Amino acid sequence: METSSSFKTSIVLVFLSLAFAAMSVHGQGLRVGFYSRSCPRAEAIVRSTVQTHFSSNPSIAPGLLRMHFHDCFVQGCDASILIDGPNTEKTAGPNRNLRGSEVIDDAKARLEAACPGVVSCADILTLATRDAVVLTRGISWQVPTGRRDGRVSLASEAQNLPGFQESIESQKQKFEVKGLNTQDLVTLVGGHTIGTSACQFFRYRLYNFTTTGNGADPSINPAFLPQLRALCPQNGDAATRVGLDTASAGRFDASFFANVRDGRGILESDQKLWTDASTKTFVQRFLGVRGLLGLSFNVEFGRSMVKMGNIGVKTGTEGEIRRLCSAIN
């Protein structure tokens, strides 16, 4: 029986490896191990850097994940989110509180010392995001590399990022334009399992949302409402941060979806995953609801991240390899 089980496990691992490899073909010139000859220690250096920063500040994990998402959805995955200057992406409203750029800068400095002018900031951000997820007990995945850094960064283009009050239909349209489907939407939003939000982005749901009942958003579990109001008083500090996954805010797991099912989603857009029929089915599949084909959140998250990491990539003679991630050469 042990031999049979081991054989089945091996088959599953081979299948997943082939699946990820197949997805990398669509990455417009990206491939796993792109730096294996030009900078053999590239991935190890990034991993070590992330580990160092995570040890002293675990919040860099959700910070890097959010930064990577915001980067890929504007101008593609080209590290344009990191460029300093007036009216660049990082100055846009949705990006002003992004965290983790110091991790990328540190990794870049180490890589420039080891392999000058070889590893792009775009690849560093993509690799660092994977490594951050692993540090929060998520499952690793192979990251196709070979991206080059973009030269364009405009705050005006960041205004179209999916928002915390947005309808599922609108979110689906924004994902579809990027080559991502409804399952990818649900899966990637599941990354909120390690995130936090400031009260200012959901407090409106707790008070005067309706003119009837307790005044709160009716999709919030009434038993959960007092806890949220205690964390975010009506006239309290709008900057106070609350875990988006109240069951396990620092652990990468599927409990976020259980929260959404139970009316304990923090952001309005998160809770809508359950109230919209087109996304509810995927939430149920991640939860293993009987009668539906189950999905492994950790495995599917890696797949969706590879797809997202292929958005608008620049390879070959496109873009550049920045010497500093915050400045165009």
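## A tour of the pockets, a buried helix and a cavity

Start by selecting Glu166, which counts as buried because its relative accessibility is 13%, under the 20% cut-off. The model on screen is a predicted one. Glu166 sits in the loop that runs between α5 and α6. Show its side chain and look towards Gly163: the side chain of Glu166 reaches the backbone nitrogen of Gly163 at 2.6 Å. Next, display what Glu166 touches, leaving aside residues up to four places away in sequence: Leu161, Gln171, Lys174, Ser269 and Lys272.

Ser269 and Lys272 lead to the next stop, helix α10, residues 268-275. Seven of its eight residues are buried, so the rest of the structure largely encloses this helix. Select the buried ones: Glu268, Ser269, Asp270, Gln271, Lys272, Leu273 and Trp274. What do the buried residues of α10 pack against? Colour α6 (168-177), α7 (182-189), α9 (255-261) and α11 (277-286) to see these partners.

Now turn to the largest pocket, a space of about 870 Å³. It is lined by 35 residues, and the closest to its centre are Arg66, His70, Pro162, His192 and Leu267. Helix α10 appears again here: together with α3 (60-72), α6, α7, β1 (196-198) and α12, it is among the elements that each supply at least two lining residues. Which element gives the largest share of this lining? Select α3, which contributes six residues. By class, the lining of the largest pocket has 18 nonpolar, twelve polar and five charged residues.

Keep Pro162 selected, since Pro162 also belongs to the lining of the second largest pocket. The volume of this second pocket is about 160 Å³. Add the rest of its lining: Phe73, Val74, Gln75, Glu157, Asn160, Leu161, Gln173, Lys174, Val177 and Lys178. Leu161 and Lys174 were met earlier as residues that Glu166 touches. The lining here divides into five nonpolar, three polar and three charged residues.

The last stop is a closed space. The count comes to one cavity of 30 Å³ or more, and the largest cavity has a volume of about 50 Å³. Two elements, α5 (121-135) and α12 (297-308), give two or more residues to its lining. To find the cavity, select His68, Thr126, Arg130, Trp141, Val143, Pro144, Arg147, Met305, Val306 and Gly309. Five of these lining residues are nonpolar, three are polar and two are charged.

Note on methods. Residues numbered from 1 in each chain as written. Predicted model: local features only at pLDDT ≥ 70, side-chain atom pairs only at ≥ 80, totals over all residues. Heavy atoms only, no water. 1 Å grid on protein atoms, 1.4 Å probe; cavity = no way out; pocket = protein on both sides within 12 Å on 5 of 7 lines; lining within 4 Å. Points joined across faces, edges and corners; volume = space filled by probe spheres on them. Helix = DSSP H or I, 4+ residues; strand = E, 2+ residues; numbered from the N terminus. Nonpolar A, V, L, I, M, F, W, Y, C, P; charged D, E, K, R; others polar. Buried < 20%, exposed > 50% of the residue type's maximum accessible area, 1.4 Å probe, protein only. Contact = heavy atoms within 4.5 Å. Polar contact = N/O pair within 3.5 Å; in protein donor to acceptor, adjacent residues only side chain to side chain.
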